[in-house]
Amino acid sequence: MAENKVKNQATNRASNNHVENVSRRSFLKSLGLGSGALVLAVNFPQVSGLPKAFAAPAATKFEPSVYVHINADDTVGIIVHRSEMGQGIRTSIPMVVADELEADWQKIEVIQGLGDKKYGSQNTDGSRSIRNFYQPLREAGATARTMLEQAAANQWQVPVAECYAKANKIVHKPTGKTASFGSLVAVAATLPVPDPISLKLKSKAEFNFIGKSDIPLVDGYDIATGNTTYGYDVQLPDMEYVVIARPPVLASKLVKFDASKAKKVPGVIDVIALENLEEPPLFKPLGGVAVVAKNTWAAMQGREALVIEWENSEHANYESEAYKKALAASCDAPSAILRKAGDVEAALASADKVFAADYYVPELIHVPMEPPAATAHYHEGVFDIWACTQTPQSAQGTVAQLLNVPPEKVNINVTLLGGGFGRKSKPDFIVEAAMMSKLRGKPVKVCWTREDEIQNGYYHAVSYQKLKAGVDANHQVTAWQHNVALPTISSTFAKGADVIAFEADLGLIDMPYDIANVQCGAGKATAHTRIGWLRSVTNINQAFAVCSFADELAHEAQKDPKDYLLSLLGDDRHIDLAAQNAEYGNYGSDIKQYPIDTARYKNVVNRVAKMAHWDKPRKPGKALGIAVHRSFATYVACVAEVSEQNGKIKVDNMWFSVDCGTAVNPERIRSQMEGAAVFGISLAFYGELTAKDGVIKQTNFHDYPVARMADTPVTEIDIVENDAPPGGVGEPGVPPVAPAIANAIFALTGKRHRELPLAKQGIV
């Protein structure tokens, strides 16, 4: 299949060609390594119109929806309104639209959309790109197809029922006469948009692309050969480079600084004091001292030469060990009961046995391979911005608000992202670039280093959890109590917020076991850093606790962990959390359309156990662990096989069974699960930030390591085929990884690890 081109729906203002001149292609040319197609920063007219709006009649282009337009030359432009950060969305969205349109894949041009509210939400997080837009994208393609069929029927003076689309053409069934899409553009553009209710969507058997595993990434070749543009690659003529010395303790004030040595560094142009941060941090710059230079190296060296005095904020008291103890105490006095069924206290009091366990997951950071970077050019009252952002609309709105310009004066061009994991949903770095460009009156690129990101990023909350279960004489669980304490993401948006909100929906109150008496609560926790969402969010720590505790109960009962897990899940049913006094968000999806279905839980458990040959004895020195978790409306069961040598644990094999409803792009689902395995192992083995005197102690990969090739297991993926609405894919693979590993370690060694990372226990 030929390679498709990806274009950027870039603004015509400023300097699209500038980006092109210094792209990776240029870099490769300079090395004599050759080049391929340039993907981004190509001049392209901005698409106009509202969703479902009917474009003005035109002889050369036909825009039946905001996502698709068809050109007279027969090419089909499909706008990808989400950000590409390795999940393959630039391929999956065109697959859906092209399928309903009956487009020829060779004729597809993929266009990266600007930040614009006409696309609906562009916030590429929450595993929502396909889950939320599958139906609108199908309707967009079907709308275009229907109108082209009508255009052909009008042109041929035949009933439209005799016309159908096939491979970029409309065919008249009785005569075999055909007309290309491009030849029908002028007529189609004069037709009314059909009512969505009248659209006839394809059946599953008619799909050409949806559900197929042989669709290559449209930009895979360019990514592999370096012919793409990431946030760090963007350059403009006469551009200046900025790195910033930010306060080491959140919200500390700049007292004074000495820039004399910094200004002597060759290439340093200026040193500028920035406005102090006033909490809540939101997406605002953190303040500090900016070094402006002719290149990144000079800017970094200039920063090193600064002498700065800070006035520390109240957060200077943040110290990890003391904070951990405070969280544990807070679990004992929950300030909010978030789910309540039956009478837990009475059930615990009358139980034959009561088991209790504490779990702890430390503070974590995203560490995408590409740290945040943004380039801004402020000119004539307009901001043109290029950034590796997951959220162009949020970037647009935040820049507009903080720099007092109308949103329509802020153009956000989305580059490729060298990883995101939720970090690049926070546009603070983009605001910094816009602010500096306005100050300097020139194009400016703000560069975050790895150290900046680890020491001043948005963090995944440290979490302490206490679980207690009452068991009767038949080993049946009669009571389940789960209390958590962690700083809430809400604290980033409201100073003083100290109890979790939507985080409770992510693996706490939606615990699926069939237990009569259940109570889930949350204690208070004051935030001392910027708390944000990381891939899978609090599903990570809550799945670690819930899935580990279930395994502990199985071993206490001397039952097979897989069989015991199935018995805990109980009869096939849809769980009604509202009946248990729980307000559940269900990841923003309709609970009727996306119920919590224990049959789907059990199905993936059985399938993954079969894949891993769960019931067969393992070789000496090896053992299996199992975990299952539902998140973002997708069910994932995972089995990990571990081995021990000289006291060190290695994950040899990992199996996943995934039920994400309709599987739009199976190859991307597999790659997301494979990535989740590596991401999950990174967190389970190594992930830990610690603070002393309010300062994060880690700085780079040497003291915040991630999984490497040697840590990577052989991974097999099973995708459940069904017709349920699509669930999320990017995040649901992560949560069961750590508990599956911890459960396998217990099966092998008899040692239960309730605290991450495992490296801290000396076993990896």
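Me: What makes the approach of the His-366 side chain to Arg-423 a polar contact?

Reply: In this predicted model, the side chain of His-366 comes to 3.5 Å from the backbone nitrogen of Arg-423. The cut-off for a pair of N or O atoms is within 3.5 Å, so this pair counts as a polar contact. The side chain of His-366 also reaches the backbone oxygen of Tyr-458, at 3.3 Å, and that pair counts as well.

Me: Why is His-366 called buried?

Reply: Its relative accessible area is 2%. Buried means under 20%, so His-366 falls on the buried side of that limit. As for its place in the fold, His-366 sits in the loop between strand 15 and strand 16 (373–379).

Me: Which residues does His-366 touch, leaving out those up to four places away in sequence?

Reply: They are Gly-420, Phe-421, Gly-422, Arg-423, Lys-426, Glu-453, Tyr-458, Trp-533 and Leu-534. Each counts because it has heavy atoms within 4.5 Å of heavy atoms of His-366.

Me: Now to the strands. How do you know that strand 15 and strand 20 pair?

Reply: Nine bridges join strand 15 (residues 353–361) to strand 20. Pairing needs at least two bridges, so these strands pair, and they run antiparallel. Within this pairing, Ala-356 stands opposite Lys-468 of strand 20.

Me: What makes strand 20 and strand 21 a pair?

Reply: Eight bridges link strand 20 to strand 21 (residues 477–485) in the antiparallel sense; with at least two needed, they therefore count as paired. For instance, Tyr-464 has Ala-485 of strand 21 as its bridge partner. The two strands form a hairpin with five residues between them, and in the turn His-475 has a positive phi of about 65°.

Me: Why is strand 20 described as mostly covered?

Reply: Strand 20 spans residues 463–471, and eight of its nine residues are buried. Those eight each have under 20% relative accessible area, so "mostly covered" is a fair description.

Me: One last topic, the second largest pocket. How much space does it hold, and which residues lie nearest its centre?

Reply: The space comes to about 460 Å³. Of the 27 lining residues, Tyr-134, Ile-210, Thr-662, Ala-663 and Asn-722 lie nearest the centre. Helix 4 (129–156) and helix 16 (666–685) are the elements that give two or more residues to this lining, and helix 4 gives the most, with seven.

Me: What is the make-up of that lining by class?

Reply: The lining has 13 nonpolar, seven polar and seven charged residues.

Key
Residues numbered from 1 in each chain as written. Predicted model: local features only at pLDDT ≥ 70, side-chain atom pairs only at ≥ 80, totals over all residues. Heavy atoms only, no water. Buried < 20%, exposed > 50% of the residue type's maximum accessible area, 1.4 Å probe, protein only. Helix = DSSP H or I, 4+ residues; strand = E, 2+ residues; numbered from the N terminus. Polar contact = N/O pair within 3.5 Å; in protein donor to acceptor, adjacent residues only side chain to side chain. 1 Å grid on protein atoms, 1.4 Å probe; cavity = no way out; pocket = protein on both sides within 12 Å on 5 of 7 lines; lining within 4 Å. Points joined across faces, edges and corners; volume = space filled by probe spheres on them. Nonpolar A, V, L, I, M, F, W, Y, C, P; charged D, E, K, R; others polar.
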